[in-house]
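Colleague: Please take a close look at one buried position in this model and at the helix pairing around that position. I would then like to see how that part fits into the rest of the chain.

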Amino acid sequence: LISCGLLANIILEAGVMQLALSVNKEKLGAMGATPDLLKEQAMGAMQTSYLVMGLINALTLPFLAPVIQEIADGKPTSLPFTAFFLCFAVFMIPAGGLAEKGHTKALLIFGIIMETLGCLLVSMMPTLAGITIGRGLSGLGQGVFLVGFQSFVVSVTPPSERTQGQSLKVIIRYAVLVAGSAIGSLMYVYLDYIPVFMISCGLGALMLLYILINLPDPNNPAFQMHGTVILEKQEKEKKSVFGLGAALHSLCDLEFMKTLLLSGIPSKVAVAGVAMFCFPMLLTEKGISSESIGRYLMLYYVACMIVSHWIAKYADKSGKTKSLLVWSAFVGGASFVLLGGLTGGAIQLPAGSETLMIALLAASVFLGVMANGMNAAPVVTHIGKTPVSKVEGRKTIMAVYGFFERMGHVAGPALLVYGTTLAGSMGQAIMYFGITSIVMGIAFLALSKIK
């Protein structure tokens, strides 16, 4: 209910914003729109578009794995998931090259078309091959759309507000993950999976019309005239459309690699490996029901939304992204040490201390939320400060970074499983990962020269 309310609030806010803009434009008449009106119109439309795009995917997440297993004659297979994440990551780099050439709106349109086609294929071809190809198309659409979203924010917001703009990605993503999953699971119970994918197709078609009608082109001269767009004056005709040169250049940029290896990838390993994989398993071992685990994760998502909003405001006001990334490593490390110590036996509590155990577990989750909020949006702004971003362009390098950062999502669960094998227990593995996170934070503090 909380997340559905958040979704409704985001949609209503965007609608009210569009209505207010229409009224203000009529009042302004020949004077034209002000820079603030242009920016609000752009961000309001983008906010709604990204929300619905995420909702299309989230609706199918609760039942996708069991449906795939059923179609595969009861044999567990990860092919559709691999196809989704592979296409998502691989096509981010060429999308970044196209965004740098000014094709941001075209990327958004192409992304929603691919996602819609993917859902349509799954609904019309309910075989393992059909679902795999359909999920691949959906992954392609989601990855390209994400690059378009990040590029759009860079184009229509001044530097002093970019972290807040990027934080919308985090806030909306968590909102649709919780609410979309809840709505999708109910729809599946009453409708089965094919109608849910058909509904997703309908949402995609409506959103395509919305983007075509309401979303302004960030290359519009009006943005440039009012100074809302920060155009990077580069020799774009020399750039590779596929961004492969930028990817290789990024690997040679020490500041980019420090941020990626010491902050970006570890934070994604923490989210995918600890929060999403290990934490539910540990709670299950403690005898906590799956319903309660779901509520814990929902609260985690909601808390991440709130924290990300306030952290983004601080980052834009202070401009100190490095300090936030360092504190993210320290706070996240403390969270994992506490969680791992409590569940792995390194921290022994007196008998009958169930209340204290719950309080300490809640504290570890709170610290984890703070750490995620201090990294999710500020790291994108920080990447925009690297030398390679000034040469290749922010949009291209953000896409390249997004591709490499996804490796943390993919590797997170596997690394924690391997660590569990070496350490002897999952709790010990989490604790050692927490210590490693703190060490990486110290290294980033000492080595990174970007403030």
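Modeller: Thr116 has a relative accessibility of 18% and therefore counts as buried, the limit being under 20%. The model is a predicted one, and the values that follow are computed from it. Thr116 belongs to helix α6. Once its neighbours within four places in sequence are set aside, its contacts are Cys201, Gly204 and Ala205. These three residues are listed in α9, on the other side of the contact with α6.

The pairing of the two helices is the setting for this position. Helix α6 covers residues 104-124 and helix α9 covers residues 193-214; their axes lie 8 Å apart and the packing angle is about 160°. The two helices are therefore roughly antiparallel, since angles over 145 degrees are placed in that class. Their crossing is left-handed.

On the α6 side, the contact is made by Lys105, Leu108, Ile109, Ile112, Ile113, Thr116, Cys119, Leu120, Val122 and Ser123. Facing them in α9 are Ile194, Phe197, Met198, Ser200, Cys201, Gly204, Ala205, Met207, Leu208, Ile211 and Leu212. By class, 16 residues of this contact are nonpolar, four are polar and one is charged. Thr116 is thus a member of a contact with 16 nonpolar residues.

Asp192 lies in the loop between α8 and α9. Its phi is near 80°, a positive value in a residue other than glycine. Most residues other than glycine have a negative phi. With a relative accessible area of 39%, Asp192 is classed as partly exposed, whereas Thr116 is buried.

The two helices also contribute to the nonpolar interior. The largest nonpolar core has 50 residues, of which Met46, Phe145, Val147, Phe152, Phe197 and Leu215 touch the most other members. At least two residues of this core come from each of α2 (35-58), α3 (61-71), α4 (79-90), α5 (92-100), α6, α7 (128-156), α8 (162-191) and α9. Phe197 is accordingly found both in the contact with α6 and among the core residues that touch the most other members. For Val147, with neighbours within four places left out, the contacts are Met92, Ala95, Gly96, Ala99, Leu107 and Ala399. Apart from this core lies another, of 22 residues, including Phe256, Val326, Ile383 and Tyr401.

Tyr401 offers a view of that other core. Tyr401 sits in helix α18 and is buried, at a relative accessible area of 3%. Residues up to four places away in sequence excluded, it touches Phe256, Leu260, Gly264, Val379 and Ile383. Phe256 is separated from Tyr401 by 145 residues in sequence, yet the C-alpha atoms of the pair are 8.4 Å apart.

Helix α18 has a partner of its own. The axes of α18 (residues 394-423) and α19 (residues 426-447) come within 8 Å and cross at roughly 110°. That angle makes the two helices roughly perpendicular, and the crossing is right-handed. Leu416, Gly419, Thr420 and Ala423 in α18 meet Met426, Gln428, Ala429, Ile430 and Tyr432 in α19. Six of the residues in this contact are nonpolar and three are polar, with no charged residue. The pairing of α6 with α9, by contrast, is left-handed and has one charged residue in its contact.

Two further positions show opposite degrees of exposure. His382, in helix α16 (residues 378-383), counts as buried because its relative accessibility is 0%. Its contacts, with residues up to four places away not counted, are Thr259, Thr321, Lys322, Leu325, Phe444, Ser448 and Ile450. Leu248, in helix α11 (residues 244-251), is exposed at 58% relative accessibility. The C-alpha atoms of Leu248 and Val400 are 9.5 Å apart, although these positions lie 152 residues apart along the chain.

Finally, the chain as a whole comprises 19 helices and zero strands. Of its 451 residues, 53% are buried, and Thr116 is one of the residues in that class. Among contacts between residues at least 6 apart in sequence, 83% connect residues at least 24 apart.

Conventions. Residues numbered from 1 in each chain as written. Predicted model: local features only at pLDDT ≥ 70, side-chain atom pairs only at ≥ 80, totals over all residues. Heavy atoms only, no water. Axes fitted to C-alpha atoms, helices over the stretch in contact; angles between N-to-C directions. Helix = DSSP H or I, 4+ residues; strand = E, 2+ residues; numbered from the N terminus. Parallel < 35°, antiparallel > 145°, perpendicular 65-115°, else oblique. Left-handed = near helix turned anticlockwise from the far one by under 90°. Contact = heavy atoms within 4.5 Å. Nonpolar A, V, L, I, M, F, W, Y, C, P; charged D, E, K, R; others polar. Buried < 20%, exposed > 50% of the residue type's maximum accessible area, 1.4 Å probe, protein only. Core = buried A, V, L, I, M, F, W, Y, C linked by side-chain atoms within 4.5 Å.
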